[in-house]
Amino acid sequence: LGQVTAAQAVNVNQFATDAATALAAGNGIEATNQWNNQQTYISNVSNNLNWYNVLTTFSYHPDDQLSTWLQDVFPLLPEVTQFVDIKTNFSAQSDEVFTQLSGAFMHDGISQVEYMLSLGVQVAVYVGEVDLIVDPICVKGWVNKMNNWNGLPEFQKQGTQAFSSTQFAYPLQVLATKQSYENFQLWTVSTAGHMVPADSPLGAEIMFTSIIGAPLSAEAILPIEELQRRDLVKIASASAINPEKRFLP
């Protein structure tokens with residue numbers, strides 16, 4: 001991303017090494033501490049690059065939309081209040097919960113995903129393209145470590161399918177890509193950070209619609225190869241009528 005220099009990257013990698021060493025020694029809390037130290041260091045040398053969306057600095061959503069909604073709107077919804085007696089503010093206990101779970105925070109969940117896949121459970125993993133705290137490189141890294149999943153070799157051979165929308169003019173904007181095999185899907189949502197639906201509502205719609213098996217809208221959301229085919233047909237038709245416009249959309 002160009003936010004960290006080569007010299008600074010040495011320090012970044014040292015934090016990662018120290019975290020891995022602590023985790024291997026069974027000290028999950030120290031591993032989490034080293035992860036936190038790494039985050040603090042990167043923030044300090046990168047003009048406070050936001051960990052949830054690298055296209056921003058400091059606060060991800062300046063007006064904290066989620067907290068505002070959960071504190072001011074959510075408790076007033078009749079369908080909620082008739083079942084739930086809300087007595088605390090959103091995230092009021094998050095620091096306490098994180099402290100209690102900090103020893104387990106740095107452990108991966110690879111074996112759990114492998115187990116679900118072995119049972120035939122449909123598993124979909126997604127990541128925002130510009131997320132940093134859960135970034136695409138790391139997500140694809142742990143996916144490629146699922147060596148106990150028999151489908152991994154075939155999954156790695158699969159290409160990606162790109163999705164776009166007729167709402168955009170030609171050339172088409174890629175909203176999401178999917179790589180899949182059997183009961184496993186890996187999605188990357190373009191220009192989205194950690195809060196995928198907030199950053200890319202249409203990309204999230206494409207992904208969730210596909211995951212639940214609902215048909216994609218024929219006029220709004222399509223695999224990009226189909227949209228490209230349609231555009232090529234339009235270009236060919238225009239060329240037949242006016243050869244001077246054969247390169248225009």
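Which helix does Tyr115 lie in? Select residues 110-118 in this predicted model and you have helix H6, the helix that holds Tyr115. With a relative accessibility of 54%, Tyr115 counts as exposed, because the cut-off for that class is over 50%. Keep Tyr115 selected and add Met116, Leu119 and Val121, since these residues together make a nonpolar surface patch of about 390 Å².

Next, move to the strands, beginning with E2 at residues 161-165 and E3 at residues 176-181, which run antiparallel and are joined by 3 bridges. To see how the two are placed against each other, select Ala162 together with Thr177, its bridge partner in E3.

From E3, continue to E4, which covers residues 184-189 and pairs with E3 in the antiparallel sense over 6 bridges. Here the pair to display is Lys178 and Trp187, the latter being the bridge partner in E4. Then follow the chain through the hairpin of E3 and E4, where 2 residues stand between the strands and where Glu182 takes a positive phi near 50°.

The last stop is Thr188, which is found in strand E4. Is Thr188 buried or exposed? Thr188 counts as buried, because its relative accessibility is 13% and the cut-off for buried is under 20%. Leaving aside residues up to four places away in sequence, Thr188 touches Val127, Glu129, Lys140, Ala176 and Thr177. Of these, Thr177 is already familiar from the earlier stop as the bridge partner of Ala162, so showing Thr188 with its contacts brings the view back to that residue.

Notes:
Residues are numbered from 1 along each chain as its sequence is written. This is a predicted model: local features need pLDDT of at least 70, side-chain atom pairs count only at pLDDT 80 or more; totals for chains, interfaces and linings use all residues. Side-chain values use heavy atoms; hydrogens and water are left out. Helices (H or I, at least four residues) and strands (E, at least two) are DSSP runs, numbered from the N terminus. Buried means under 20% relative accessible area, exposed over 50%, partly exposed in between (1.4 Å probe, protein chains only). Contact means heavy atoms within 4.5 Å. Two strands pair if DSSP finds at least two bridges between them. Patches are made of residues with over 30% relative accessible area and no salt bridge: like charges are joined within 9 Å, nonpolar side chains (Val, Leu, Ile, Met, Phe, Trp, Tyr) within 5 Å. Accessible areas come from the Shrake-Rupley method with a 1.4 Å probe; for residues, only the protein chains shown count as cover. A salt bridge is a side-chain nitrogen of Lys or Arg within 4 Å of a carboxyl oxygen of Asp or Glu.
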